[in-house]
There are 2 protein chains.
Amino acid sequence: MIDERQRRAIERLQQFGLRSTPQRRAIWNVFAQLGQGHLTAEEVLDRAQAELPELSRATVYKTLGEFVRVGLLRTVAGHGPLRFDPNLDASHHHFICERCQQIVDVHLTGIEQLRLQQPGLRVHRIRILVEGRCAACAAEPDA
Amino acid sequence: MIDERQRRAIERLQQFGLRSTPQRRAIWNVFAQLGQGHLTAEEVLDRAQAELPELSRATVYKTLGEFVRVGLLRTVAGHGPLRFDPNLDASHHHFICERCQQIVDVHLTGIEQLRLQQPGLRVHRIRILVEGRCAACAAEPDA
DNA sequence: CTCCGTGCAAAGATTTTGCAGGAAC
DNA sequence: GTTCCTGCAAAATCTTTGCACGGAG
C-alpha cells in the first residue's frame, strides 16, 4: 500500500527525468493524494513533513520549481503567494471566489474560437482566470 | 500646461471619490503620461519621485491599493511583483512574452462565446493571460 | 475642526542563494 | 566516482503596518 504509493512516485519522477529522492517523493505524494487542489509552498511543506519531518523549506521551493520546469506541476498566480496545481489537463482553467478566495478547476468551452487581434505574437498558452462568487458565497449577503 | 495636467489629475481623483493630494496626483500623473503600460510599485515610485522627490514607498503601496479599490487601476499578476494597469477597457487582456517578460495589452474576439461547464458559479470577470513570444523574441533562436 | 493621508521605521511574508556534506545513479 | 540534491542560514525581494504629524475639505 505504502510501498505501492512510493513505487508510483518513483515512476512518476523518472517519467519526467528527475532523480528520485525521499524529499521529492514526499512532495509528489502530497499532490498525488490531494487530487484537485492548489497549494502554496508553505502548505506543501506542512503536508510533506507529515511523511518526512526533516524536509526543509528551501528544498520545497527548489523542488516545486523543478517540478514546474519539467511539467509535473503548473503554477496559478492570484493574490498572495504562488500556488501549484497538479492538474496537467491543458484544457482546464481556474475560478477564484472573490469572497473566500478558494480556487477551483473549471472547464470552458469556446476557447478555440478566441482570436488575438494583434499580429506578430506567437501564442504558446492561454491562461484564463474566472473571478466571481462560488456557490456558497453567492448565497451570502455582503461585499 | 503643467497646471492643466494637475487639473485633470484632481478631476480624475474626485471622479473616483478620492481626496486630491500632491502624492496622489504625482502617482496618477505617472500613469496618465504612460499611456499603455504595466508598472510595478517600485517603478511607480521612481517615476513619481521625478515630480515629488519626498514621496515615500509606503504611500505608493497604499495609494496603488486605493486606486485599485476604487477602480482607477487594475492589477496584473504574473511572475515577480504585482503590476498596475491604467487601461480600464474591460475587453482588454494581456500577452506576456516568455522570453523578455514584456507585457502588452491585447484584444481577443470570441470571449462572449466562452461558457463555464460548472453550474453554481457567479461570474464577475474573466482575466485572460496569453503567453508566448513577442515579435522581436520570436525571431530569436530560443531559450 | 475633523478626518484622512503621509512618512518613517519596523516587521511580515515570500522566495532565492551559497555552500558544504551526503545521497542517487 | 561523479553528479546532483539537500539543509542551513542568510539575504533578497515584495508588501504591510502602527503611529505621530500635518494637510484636505
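# Chain A, chain B and DNA strand D

The contact between the two chains takes 34 residues from chain B and 34 residues from chain A, where contact means heavy atoms within 4.5 Å. This is a predicted model, in which local features need pLDDT of at least 70 and side-chain atom pairs count only at pLDDT 80 or more, while totals for chains, interfaces and linings use all residues. Residues are numbered from 1 along each chain as its sequence is written, chains are lettered from A and ligands numbered from 1 in the order in which they are written, and side-chain values use heavy atoms, with hydrogens and water left out.

**Interface of chain B and chain A**

- About 3,100 Å² is buried between chain B and chain A, and carbon and sulfur atoms give 55% of this area; buried area is the accessible area (1.4 Å probe) that two parts lose on being put together, summed over both.
- The rule finds 4 salt bridges across the interface, a salt bridge being a side-chain nitrogen of Lys or Arg within 4 Å of a carboxyl oxygen of Asp or Glu.
- B:Glu131 and A:Arg125 form a salt bridge through their side chains, at 2.8 Å from N to O.
- On the side of chain B that touches chain A, β5, β6 (115-116), β7 (122-133) and α5 (135-138) of chain B each give two or more residues; helices (H or I, at least four residues) and strands (E, at least two) are DSSP runs, numbered from the N terminus.
- The largest share of that side, 12 residues, comes from β7(B).

**Surface near DNA strand D**

- DNA strand D is surrounded by 20 residues, and the closest are A:Thr21, A:Gln23, A:Arg24, A:Thr59 and A:Lys62; a residue is near a strand if one of its heavy atoms lies within 4 Å of it.
- Sugar or phosphate accounts for 71% of the strand D atoms within 4 Å of the protein, and bases for the rest.
- The side chain of A:Arg24 has an N or O atom 2.7 Å from a phosphate oxygen of strand D.
- The side chain of A:Gln23 has an N or O atom 2.7 Å from a sugar or linking oxygen of strand D.
- A polar backbone atom of B:Ser20 is 3.2 Å from a phosphate oxygen of strand D.

**Gln101 in both chains**

- A:Gln101 is not a glycine but has a positive phi of about 70 degrees, and its place is in the loop between β4 (92-97) and β5 (103-109) of chain A.
- B:Gln101, also not a glycine, has a positive phi of about 70 degrees.
- A:Gln101 counts as partly exposed at 39% relative accessibility, the class between buried (under 20% relative accessible area) and exposed (over 50%), with a 1.4 Å probe and protein chains only.

Methods
A polar contact is a pair of N or O atoms within 3.5 Å; within protein, one must be able to donate a hydrogen and the other to accept it, and residues adjacent in sequence count only if both atoms are side-chain atoms.
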